[in-house]
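Let's take a walk through this structure together, one stop at a time. Keep the picture open as you read.

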Amino acid sequence: MDTLELKLCDIQGRLFELSVAQKLSSATFAEAFMRSRVAVNLDDTYNRMQWAGEEYLMEEIQAECSDKLTKTGKVYSTEEMYWMGYLYRYWHFMTGESSLQIFRQASAITMRQNYLMFHTLDPELAVENLQEIHRQKIAARKNAKR
């Protein structure tokens with residue numbers, strides 16, 4: 001992971017933190033962001049959005065997703081949200097998967113459920129563990145259908 005990629009992880013972490021300061025429902029914010037055009041732009045190899053700070057990105061998210069963002073719902077801690085935002089971007093750089101593909105494997109609820117166990121791990125190991133949890137869920141669903 002190069003310096004620019006780590007900086008983008010930090011910016012996305014601070015964006016998620018900013019959602020806490022604005023008292024936005026955390027699960028709703030994470031889903032809206034991970035499905036947004038802003039996330040698609042950040043997933044690009046190069047896009048001008050990657051040079052924007054978290055405040056500008058928040059304005060873009062609010063403009064794009066105003067109908068989805070809500071202040072009703074659980075607001076996670078700033079630490080949980082920073083880690084979630086950081087790790088989602090790290091995951092993208094590690095695997096090349098899109099934000100939407102990543103979110104389908106690890107929703108905000110999954111991330112929060114595993115925060116205490118994974119937030120002190122190396123990010124690569126945390127991603128691998130979250131991928132394994134996803135694989136186990138898929139296997140359990142397949143077994144339940146038999």
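**A tour from a loop to the core**

We can begin at A52, which is buried, with a relative accessible area of 11%. Keep in mind that this is a predicted model. A52 sits in the loop between α3 (37–43) and α4 (54–65). Why does A52 count as buried? Because its 11% falls under the 20% cut-off for that word. Setting aside residues up to four places away in sequence, A52 touches I11 and L57. If you look back along the chain to L42, 10 residues apart from A52, the two C-alpha atoms are separated by 10.0 Å.

Next stop: another loop. S36 is found between α2 and α3, and S36 is buried too, with a relative accessible area of 1%. A polar atom of the S36 side chain lies 3.1 Å from the backbone nitrogen of A39. Not counting residues up to four places away in sequence, S36 touches I61, E64 and C65. One of those, C65, is buried as well, at a relative accessible area of 2%. Another cysteine to find is C9, buried with a relative accessible area of 0%. How many disulfides does a search of the whole structure find? The search comes back with 0.

Now for the charged side chains. The count of salt bridges comes to 7, and we can visit a few. E31 forms one with R35, where the closest N and O atoms are 3.1 Å apart. Both partners are partly exposed: E31 has a relative accessible area of 35%, and R35 has 46%. E64, which we met beside S36, forms a salt bridge with R37, and here the closest N and O atoms are 3.9 Å apart. That pair links distant parts of the chain, with E64 in helix α4 and R37 in helix α3, 27 residues apart. R37 counts as exposed, at 56% relative accessibility.

Is the salt-bridge partner R89 buried or exposed? R89 is buried, with a relative accessible area of 1%. The side chain of R89 meets that of D43 in a salt bridge, at 2.8 Å from N to O. R89 lies in helix α5 (residues 78–95) and D43 in helix α3, so this pair ties together parts that are 46 residues apart in sequence. D43 is buried as well, with a relative accessible area of 16%. Elsewhere, salt bridges that share partners join D10, R14 and E54 into one network.

R89 also brings us to Q12, a residue of helix α1. Leaving aside neighbours within four places in sequence, Q12 is in contact with F33, M34, L42, G85, Y86, Y88 and R89. Q12 is buried, with a relative accessible area of 1%. The Q12 side chain reaches the backbone oxygen of G85 at 3.0 Å.

Let's stay with α5 for a moment. This helix has 18 residues and reaches 26 Å from its first C-alpha to its last, close to the 26 Å expected at 1.5 Å a residue. The buried residues of α5 include E80, M81, W83, M84 and G85, and also Y86, L87, Y88, R89, Y90, W91 and H92. What covers them? The cover includes α1, α2, α3, α6, α7 and α8. After α5 comes G96, whose phi is positive, near 80°.

Our last stop is the core. In soluble globular proteins, nonpolar side chains tend to be buried together. Here, the largest nonpolar core has 37 residues, and F16, F29, F33, W83, M84, Y88 and M111 touch the most other members. At least two residues of this core come from each of α1 (3–21), α2 (26–34), α3, α4, α5, α6 (99–105), α7 (108–118) and α8 (123–145). Which helix gives the most to this core? That is α5, with 6 residues.

To see the core from the inside, try F29. Apart from neighbours within four places in sequence, F29 is in contact with L15, F16, S19, L24, M58, I61, L69 and M81. Among these is I61, which S36 also touches.

Notes:
Residues numbered from 1 in each chain as written. Predicted model: local features only at pLDDT ≥ 70, side-chain atom pairs only at ≥ 80, totals over all residues. Heavy atoms only, no water. Helix = DSSP H or I, 4+ residues; strand = E, 2+ residues; numbered from the N terminus. Buried < 20%, exposed > 50% of the residue type's maximum accessible area, 1.4 Å probe, protein only. Contact = heavy atoms within 4.5 Å. Salt bridge = Lys/Arg side-chain N within 4 Å of Asp/Glu carboxyl O. Core = buried A, V, L, I, M, F, W, Y, C linked by side-chain atoms within 4.5 Å. Polar contact = N/O pair within 3.5 Å; in protein donor to acceptor, adjacent residues only side chain to side chain. Expected span 1.5 Å × (residues − 1). Disulfide = S-S within 2.5 Å.
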